[in-house]
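Here's a quick tour of how this chain is put together. Have the model open while you read.

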Amino acid sequence: MIRKFITRVFGHKAPGITGEPAVIGVARHGIRRESISKGSRHTVETLQEHGYKAYVVGGAVRDLLAGMTPKDYDVATNATPDEVRHCFRRARIIGRRFQIVHVSMGAETIEVTTFRGHHGEVGSHAGNKAHTDDQGRVLRDNVFGSEKDDAARRDFTVNALYFDPTSETIIDYHHGLADLKQKTLRMIGDPKTRYREDPVRMLRAVRLAAKLGLTIDPEASRPIREMSELIENVPPSRLFDEMLKLLTCGYAVKCVRQLRAEGLHHGLLPLLDVILDQPLGERFVMLALESTDRRVRQGKPISPGFLFATLLWNEVLSKWQTIKIAGERPIPALFLAMDEVLEVQAEKLAITRRIAGDIKDIWALQPRFEQRSGKRPYGLLEQPRFKAAYDFLLLRAESSEIDDELAQWWTDFMNHDGDARAAMLLPPKPDEAKKRRRRKRKPEAAPTE
Ligand code: ATP
Ligand code: MG
């Protein structure tokens, strides 16, 4: 009955029943060779002309089937990395653990991967013993394999679909197309084993379900709560990459809610604890994520610095307050608080130095928005990071952390010029005026050492 149904729906043998994959024609899946990027099509065709098997695989096929625009293209082939490199003029091998080839086609970079094999589960090829840590996390999986092996080592069924642009067919080993139609995110193999091998798959499950509007299959979602602490074993740089993907996939609000629902936010990352456990900061963070989601979906660029500046702002505010109460002057206190917050995060999250610099610039400009007299507002407008800092100020106003009036003043100040702008300036505050008089009276003294 089920087999009949699948045959009717897909026009083919049910995948898995005979061990053979389903080969699904374009009439059933609707993806044409023109649907994929020129670069990926050309890459596949070139490999095929050289006598190799090649397919577009993974996220791109999944996203196209779901009616979304893929963000990049992966190609899988039976050619070894060296063989791939020799097929193209602009190609280079990257990675040490598992070599992949980056093929450049105009502005596009296509990631080409040789079919990967099993890494030593019971019953797999002898001699391919997995290298794992104490918790079972796979440390090395650098074994080439067959097309079928390659499909089995992918994480979710919807990610194991192989599109051949030449025949316009999709090869489906694990009922991925049916799962996508039924809006189910299903793990290939035993979910517990697969999470143990690579705990990041728990985060991928949440991100992909949120992005594609899928329900995580109960088999795959049930173990997450009890296994969440395995995430602590994952190297910080990999977690940072995954967090960045999660926060910039265009569905960050949904992802963060789902992380909480799955019990994945605790002890997962200090950053997430920070985001989700502060009722006061939650509104600000959610507004920031909503605006990031909007920008991503409109195809506008987003800055990781801005994003992380918003995520950590409440930490800075509370540390800043503590340091001021202890007697430090406001501005030095802010800089101390900024350094402290970034130091704690850097340990766990491997925030790059460049991003940390952007974050600090945005924070450090915030108190300068308070100064609305004399030449200072003009100076602030000239700052290279002014626009980002201003956007940040708008979010602070929207979340009611500061008065709307201040944000409105700056919006007007930017929109006016000449006399109208000058007329907006406020009279100097009494203590500022005093400081200025003192500075004027001071002779141009030589700097004292
Ligand atoms: P996106 O590009 O939207 O982040 P994606 O699924 O394409 O999603 P990639 O990281 O580009 O994610 O991975 C490409 C493919 O490689 C996936 O579709 C999946 O088949 C496989 N893959 C990626 N990460 C894992 C993993 N941790 N375990 C098993 N397979 C994985
Ligand atoms: Mg991808």
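## Two helix crossings

Start with α17 and helix α19 (residues 386–398): their axes come within 9 Å of each other and cross at roughly 60°. Axes here are lines fitted to C-alpha atoms, for helices over the stretch in contact, and angles run from 0 to 180 degrees between N-to-C directions. Helices (H or I, at least four residues) and strands (E, at least two) are DSSP runs, numbered from the N terminus. α17 goes past α19 in a right-handed crossing; a crossing is right-handed if the near helix is turned clockwise from the far one by less than a right angle, and left-handed if anticlockwise. On the α17 side you'll find I362, W363 and L365, which meet F386, A388, A389 and F392 of α19.

Now look at helix α15 (residues 304–325), which packs on helix α17 (residues 353–365) at an angle of about 60°, the axes being 9 Å apart. That makes α15 oblique to α17 (under 35 degrees is roughly parallel, over 145 roughly antiparallel, 65 to 115 roughly perpendicular, and the rest oblique). The contact (heavy atoms within 4.5 Å) brings P304, G305, F306, F308, A309, L312, W313 and V316 of α15 up against I355, D358, I359, I362 and W363 of α17. This crossing of α15 past α17 is right-handed.

## Where the model comes from

This is a predicted model, so to speak of local features takes pLDDT of at least 70 and side-chain atom pairs count only at pLDDT 80 or more, while totals for chains, interfaces and linings use all residues. Residues are numbered from 1 along each chain as its sequence is written, chains are lettered from A and ligands numbered from 1 in the order in which they are written, and side-chain values use heavy atoms, with hydrogens and water left out.

## The chain as a whole

The chain has 22 helices and twelve strands. Of its 449 residues, 48% are buried, meaning under 20% relative accessible area (exposed is over 50%, partly exposed in between; 1.4 Å probe, protein chains only). Among contacts with a separation of 6 or more, 66% join residues 24 or more positions apart.

## Rings and charges

There are 15 aromatic pairs in the structure. Rings of Phe, Tyr and Trp (its six-membered ring) pair if their centres lie within 6.5 Å; planes under 30 degrees apart count as stacked, over 60 as edge-to-face and the rest as tilted. W409 and W410 make an edge-to-face pair, 5.1 Å centre to centre with 75° between the planes. W409 counts as buried because its relative accessibility is 7%, and W410 does too, at 0%. Both belong to a cluster linked by ring pairs, along with F369, Y378, F386, Y390 and F413.

Charges sit over rings as well, which takes NZ of Lys or CZ of Arg within 6 Å of the ring centre and within 35 degrees of the ring normal. R297 lies over the face of Y251, 4.2 Å from the ring centre, and K324 does likewise over W320, at 4.3 Å.

## Helix α10

S221 is in helix α10 (residues 218–227). Leaving aside residues up to four places away in sequence, S221 touches I216 and E262. S221 and E262 are 41 residues apart in sequence, yet their C-alpha atoms are 7.4 Å apart.

M227 is in α10 too, and it is buried, with a relative accessible area of 7%. With the same sequence neighbours left out (up to four places away), M227 touches K192, Y195, R196 and M202. M227 and R196 are 31 residues apart along the chain, with 8.0 Å between their C-alpha atoms.
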